[in-house]
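Hello,

Here is the structure I said I would pass on. My notes on it follow below.

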Amino acid sequence: MRRMGKAILMKTVNAIITIFAVITFNFFLFRVMPGDPARVLLPKQVRASPELIEKLRRFYGLDKPLHVQFMNYVVQVFQGKLGYSFAYHEPVARVIMDYIWNTILLVGVGEGIAIILGIILGAVAAWRRGEPFDLTVTALNLIFWSMPEFWLGMVFILVFGRYLKILPISGIVDPWLFHENVFSYVADVLRHLILPSTTLALIMLASYYMIMRNTLIDVTTEDYIRTAKAKGFSEKEILWKHAVPNALLPTVTTVAIGLASVISGALTIEIVFSWPGMGWLTYQAIVRRDYPLLQAIFLITSALVIIANLFADIIYTYLDPRVKI
Amino acid sequence: MGMRWHLYKKRLKSTWNVYKRNKKGMVGLTITLIFIFIAIFGPYITPYDPKKIDKTAMWEPPSFKHWLGTDNLGRDILSQLLYGTRISLLVGLFATLISMALGTLIGLLAGYYAESLLGELLERVIDFFLVIPYLPLMIVFATVMREMEIKLPLFWIVIIAIGITGWSGTARVVRSQTLSVKERQFIERARSIGAGDFDIVFRHILPNILPLVFAEAVLTIGGSIIAEAALSFIGLGDPTHISWGMMLNYAFTYAAPLRGAYWFFIPPGLAILILVLGMTLTGYALDEVLNPRLRER
Amino acid sequence: MLEVKGVKTYYLTDEGQVKAVDGVSFAMERGETLGLAGESGCGKTTLALTITRLLPRNARVISGEIYFDGVEILSLDEEEFRKIRWKDISIIFQEAMNALNPVRRVGDQIVEAILLHENVAREEAVDRVMNALEMVGIDRERFWHYPHEFSGGMRQSALIAMALVCNPKLVIADEPVTALDVMVRAQVLKLIKELQSKMDLSMILITHDLSVIAETCDRVAIMYAGKIVEIGDVISIFKDPKHPYTKGLVKAFPSIYGPRELPASISGTPPDLLNPPSGCRFHPRCPHVMDICKVEEPEMKRINGKQYVACHLY
């Protein structure tokens, strides 16, 4: 067990290094823009006098040598000072904090549904390989995988916003509703969560379904499955107790890889459903050319994915006894 | 030289024979070819100029005059769709070329020099790009390039942004393939007769993994097309050209779904869906044909 | 105890039907060890899988019956047959590399076999398994280890322990020692012989190695191209093989103590089971081939005592 702890420590250190790499990448990327960074960091609408620009340069420390700037940047990041947003007239960090939890909620629920459904459907489809169930579900999954997620969102808006007005299609709560207690608030949020998270789940579902199904088909050709059958286990028992646990391993790896995609998917879905999260914030930042905000969003979303990856990695280590610690 | 070409043709023919029997592969290929056909000839058969604004015919649902209706400015949707095929395909193709070139090169080097510092470093770089969410990265690249006021048309900025975001998947696959091919005997033989690193990598390893790279490329084009749609949807695309993504952008901006104007946004999304589906099927079929172990599925 | 009548098992492939088992019949008594010998690909494993109903998807039992303790087992419901699985008939697979589930502990896998068929407390089952492991020469503590921590020989021994832990009436061992190196092989064979005497086992031992059969079996059936060509008690078969193929096989395993002879090989190539030779399957390679051999399949005839042969020479 102690060796396990050491492995986890190594992985955590690795994650931190990667986050640091993102910070560095972030820093240099935005410095790459030609012209005066000070002009870039200024809102476009402001007509700046040379004195103002000078002041800004000193304020942002742009007159110092590059490596000093870099170190200052890093220190600031770890202090939580991610710059100042022009659009919101607030420190970027505070703006992000307002929106980040909504994204985490959306991604959490969406991924959760996608993973559970993907695994179950994939397992059943693999077991009934070639039967109508397998063929239809696989076809459906391929179709969902091939579509842009924001388009699916628009389709849902058409269906539920225009025709069947039974589910809310925008925002996170009904702005006109007065909530007497926590429960009605939570219920409202959940109601608003249904469409965006379903959209996200349907798109992400496909890759987990495919990996589970394909891995399981491979697993069923393995000798130990035959041993299990020889011992007298029923089909169901063999599927869920012997085959699926083995097929979970590559599935966890795929989930880890998919974490980068799910954030990207959530971004556009948020825009479509006006879900007040990081994606919606990104859209605002782009439209208003609020680069400090954009830069910070990139940093934070990357960091989120790296941390989530770390957890997936640790889970994998627990699941696979063959991993040499 | 003639001998090798002859053998190559034979191998191509036998691969095609196996491919022909793959049902989903044939469906995928048919779809892809249809779209390529539309991309090439579409603009010549459009009933209207897609950019022509007609204020008398705004928001019209499908009719005999406009088979797929009109958009918010009275432009014919069908014409836009046909024109957009060319743009979307071109962007997808060029972006994929960049991804493939980058990914294959880095993957080869990372695999071949895997034991040395260079290999380790490249592996880290690949992992780095794999773990960063692609859309924020693409957005950042696109934004930076736009601001840089490079003398590059937006069209190419989009292509480059997609290309330099999507290479890591290919790189990972190429790297692992290179690692396994590297161990094969014919490499040792080549080395023993004095072949240099460059020779081994490009004249021996690369041809062996080329079929796989090709299969990867087909799958990547699908991803690139969706990426272009996403980029355009967010507003970082090229408004001077009509692409499916731009159509979706306009549809959303002018609240087409809420207005019930299904003809505005369903066609472009459906087009993306069908084309990407076709390419995915083709890619999977290629994978199966080239890697017999997968055929059982 | 076991009666196999006219079993035919074919594999359906793109190129046609592979006639792996093409009309096999024999019988076995309680407490005897029957060897099943023949080249690779002659259908031995397929026969084993047919008896235990573990055939892969593309295989079909075309015809035949198998009676176990009077019950015809091929026509039973899977539900019904599961009651017989492992408790009455168990099987030791070839190549133990992958026969054990890699993500579960070895001991647990054996325990679950007991718990599945018998109503005992888990502690008792664990104890029995530990004893079984000891009996096959594996340290009790290894109960808690995973398969990848076992060596090849240990894995095979663990499979043997697992097959015996429910005290089955019949054990089928498919090439139990082939994949092991010489030292380990000797140990496992010794183990098998000990268990035979201690546990009054009935066993079908499948192998292409006649020396293994000589050491462990009471009777032996020789298979070729999906059919049994000769069957009888071990001593008679070795001392006085009747079928030309058997003669060839026996000669191919020279005795260390016998006179120095060049081992003879059987000419020709193994038969194609998609399109087996007409008449007697062995005729293309038989040194005593006659015209009738190419046309008519020989029937199984009794030669003497318990020896039967299927050959036109007799």
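In chain A, 51% of the 325 residues count as buried. This is a predicted model, and the values here are computed from it. The area that chain A exposes comes to about 15,500 Å², and 68% of that is supplied by carbon and sulfur atoms.

As for secondary structure, chain A has 12 helices and two strands. Read from the N terminus, the order is α-α-α-α-β-β-α-α-α-α-α-α-α-α, with the two strands next to each other in the series. Taking contacts in chain A between residues at least 6 apart in sequence, 75% join residues at least 24 apart.

On how the chains meet: two pairs of chains touch, and of these the pair A and B has the most contacts. Chains B and C do not touch. The nearest C-alpha atoms of chains B and C are 12 Å apart.

The rest concerns chain C, where I looked at the sheet. Four strands form an open sheet in the order E2-E1-E4-E5, and the pairing is antiparallel. Strands E2 and E5 (71–72) of chain C are at the edges with a single partner strand each, so each has one side without a neighbour in the sheet. In general, strands of a sheet pair through backbone hydrogen bonds.

Strand E1 (residues 2–13) of chain C pairs with E4 (residues 59–68) of chain C through eight bridges, the two running antiparallel. One of the residue pairs here is C:Val4 with C:Ile66, the latter in E4(C).

E1(C) is also joined to E2 (residues 16–28) of chain C, by 10 bridges and again antiparallel. The connection from E1(C) to E2(C) is a hairpin through two residues. Which residues face each other along this pair? Among them, C:Leu2 has C:Met28 of E2(C) as its bridge partner, and C:Thr9 stands opposite C:Val21 of E2(C).

What lies across these strands? Helix H1 (residues 44–51) of chain C lies across E1, E2 and E4 of chain C. The helix H1(C) runs at about 110° to E1(C).

If you look at one part first, I would suggest the sheet of chain C, with E1(C) joined to E4(C) by eight bridges and to E2(C) by 10.

Regards

Conventions
Residues numbered from 1 in each chain as written. Chains lettered and ligands numbered in written order. Predicted model: local features only at pLDDT ≥ 70, side-chain atom pairs only at ≥ 80, totals over all residues. Heavy atoms only, no water. Buried < 20%, exposed > 50% of the residue type's maximum accessible area, 1.4 Å probe, protein only. Contact = heavy atoms within 4.5 Å. Areas by Shrake-Rupley, 256 points an atom, 1.4 Å probe, with all protein chains shown as cover. Pairing = 2+ DSSP bridges. Axes fitted to C-alpha atoms, helices over the stretch in contact; angles between N-to-C directions.
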